[in-house]
Each structure stands twice: as C-alpha cells, then as structure tokens.
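User: Hi! I have a structure open here and would like to talk it through with you.
Analyst: Happy to help, so let's put it on the screen.

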Amino acid sequence: MMGTHHAVSGAAAWLAVTSTAPWALGLHPMSTRDQLVGAVLAAGAAILPDADHHNGTIAHSGGVVTKVAARTVEAASGGHRHGLHSLLAIIGFYLGATYLGTWWATVPVLGYIPAGSTLLWLALIGFTLKVLKLSKGGVIKLWVTAALATLPVLYFFPDLFEILPTVVVVGVITHLVGDFLTVGGLPLLWPWIPKPPKGLDYVPIVRSIWQQNGYVALPILGKTGSMREMALFAVLSLYTLVALADTIARAVGAPLPIPGIGA
Ligand SMILES: [Zn+2]
C-alpha cells in the first residue's frame, strides 16, 4: 500500500477507535482534543513500519540522516516487509514508544524535558507533514514546522504525550492491515516464516493467501497502488474528513446530520 494511503487509513482508524459517535467503533474512547490531535499523529505513525524501506517516505524525510537510518533499519530487520511488518513489530513499537515516554533529559534552552516523548511527537508530526505533502519546500522547513507544532504541546499540554503509545499501536496495526490486503502479504509470525506444505502451494486461492515464501495475505486490493486501493483511499479520505468535521461539530453541540447515520 502507498504511503499516503497508509497515512489516511491511520487517521481514519484512530477516529474510529477513539470516538463514540455513531460512525465510530468507540473501542478506546478519548476526549475531543485527543481524537483530533491523535488523528494527525496517527497518520504519521501509520508509515512507521516502512522505516525499513531505503526509498520510503521516512527515508526521504530528513536528508542523509534518515536515509542512513532507513538503510540501517532495513538491514537490521532483515529487509523491507520483514521484521517491521510482523506481529512482533506491534509489540516492539509499543514498548519503544512507552520506553521513550520514560526518558527525560536536560536540553539546552528547553531545560529538563520529556525528551523521548518530545522526539517521538516531533517525528510523527514530521512524517505526517511529509507523507501528506502538507509542507512544501525542503527538509529544514519540514522539521521547523514540526518543531513549531511540538513546542506548544511540551509547554502547555504535556499530558497529550500520554496518547503516544496508543497512537503508535493504532498506526502500526493499520499499516499492517493495509499491506496484508495487497498481494505482497506479510511475514506475520516473523522471525518464523512457515512455508505451505508441498501440494498446498499449488492450490490457486491458498497460494495467494499462504504464499510460497511463507508470507500471508488477503489480497483483495491486488497490487500496491491498484485501482481498488485508490477506491479504498477515496472512501477512507471521505470518512476521515466527515469524522473530523463531525467531531468538531459534536464538540460545539451540533452534530452533522449524516445521511444513513443521523445526528
Ligand atoms: Zn509496509
């Protein structure tokens, strides 16, 4: 699945999970503020597994630094769509985000701050700006914009940092679901990638679900970037826009009259 599509699906999933409106699932209800801000962060979190791609959005988001970082992650995780695209990765990303939340440090000018959460917040905002092409211009402008969106949180709403581990988990799971729906599939049980038994790998439907290389998929979207993926992207974009608008409308006591769902 393409980066932009991952990002929009991440925001859509976040709104569906954290809202209790009729159009949502309400699995993990949050305040209006956390729903709206989290949606922006979840878009960036939904491209995190592709940090293992040397030519992906994350690799291109910070010049040489992120290029080298992505190459390193790619090599360390066994390649693109290996370790970072597994069930273990969901746990790893969650533990990583939680651990970052415990790291405080004295930073020149800023003082003693939650350095790990600040960095993670900065990174997710930067990835959202980059993947949704919201920041025109170079890398410096991108990260200055991300920093300007991070500093007010650090000084005025530091409790917002508490949503970061949940944002990361929702983003990463949404990413994996997206890739699972394309023909490439995923090594879900990585580092154990069991291959289908002989004979079974020739049965047409089975071989596209449990592939010869051991990857699993439910390839209803076809190849990455297919027309079906574009159609899903259009639906998710509309869902996200309506959900954002209705979340704001509900906060001021005037829910949108959505056809088929009502107010
Ligand atoms: Zn991916």
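User: Which residues of α9 are buried?
Analyst: They are E229, L236, T240, A243, D246, T247 and A249. Keep in mind that we are looking at a predicted model.

User: And what covers them?
Analyst: The cover includes α1, residues 3–18, and α2, residues 32–45.

User: OK, how many residues does α9 have, and how far does it reach?
Analyst: Helix α9 covers residues 227–251, which is 25 residues. From the first C-alpha to the last it reaches 36 Å, close to the 36 Å expected at 1.5 Å a residue.

User: What follows it?
Analyst: G253 follows α9, and its phi is positive, near 80°.

User: You mentioned α1. How many of its residues are buried?
Analyst: Of its 16 residues, 14 are buried, so α1 is largely enclosed by the rest of the structure. Its length fits too: 16 residues at 1.5 Å each should span 22 Å, and the end C-alpha atoms of α1 are 23 Å apart, which agrees.

User: Where is A21?
Analyst: A21 sits in the loop between α1 and α2.

User: Buried or exposed?
Analyst: Buried: A21 has a relative accessible area of 5%, and the cut-off for buried is under 20%.

User: What does A21 touch?
Analyst: If you skip its neighbours within four places in sequence, A21 is in contact with D246 and R250. D246 should ring a bell, as one of the buried residues of α9.

User: And how far is A21 from A69?
Analyst: They are 48 residues apart in sequence, and their C-alpha atoms are 40 Å apart in space.

User: New topic: where is S117, and what does it touch?
Analyst: S117 belongs to helix α5, residues 115–131. Not counting residues up to four places away in sequence, S117 touches L100, G101, F161 and L164. S117 is buried as well, with a relative accessible area of 6%.

User: Now the backbone. Which residues does the cis peptide bond join?
Analyst: W190 and P191, with omega at about 10°. P191 is in the loop between α7 (164–180) and α8 (204–209). As background, most peptide bonds are trans, and most residues other than glycine have a negative phi.

User: What is phi for R81, then?
Analyst: Near 60°, a positive value in a residue other than glycine. R81 lies in the loop between α3 (63–76) and α4 (87–100).

User: And K133? What is its phi?
Analyst: Phi of K133 is near 55°, again a positive value in a residue other than glycine. K133 lies in the loop between α5 and α6 (139–156).

User: Are those two buried or exposed?
Analyst: R81 counts as buried at 11% relative accessibility, whereas K133 is exposed, with a relative accessible area of 54%.

User: Let's zoom out. How many helices and strands are there?
Analyst: The protein chain has nine helices and two strands. From the N terminus on, the order is α-α-α-α-β-β-α-α-α-α-α.

User: What is the radius of gyration?
Analyst: It is 19 Å for the protein chain, and a compact globule with 263 residues would be near 18 Å, which agrees. The C-alpha trace spans about 60 × 50 × 35 Å along its principal axes.

User: How much of the chain counts as buried?
Analyst: 44% of the 263 residues. The accessible surface comes to about 13,100 Å², and 74% of that belongs to carbon and sulfur atoms.

Methods: Residues numbered from 1 in each chain as written. Predicted model: local features only at pLDDT ≥ 70, side-chain atom pairs only at ≥ 80, totals over all residues. Heavy atoms only, no water. Helix = DSSP H or I, 4+ residues; strand = E, 2+ residues; numbered from the N terminus. Rg over C-alpha atoms; globule rule 2.2 N^0.38 Å. Buried < 20%, exposed > 50% of the residue type's maximum accessible area, 1.4 Å probe, protein only. Areas by Shrake-Rupley, 256 points an atom, 1.4 Å probe, with all protein chains shown as cover. Expected span 1.5 Å × (residues − 1). Contact = heavy atoms within 4.5 Å.
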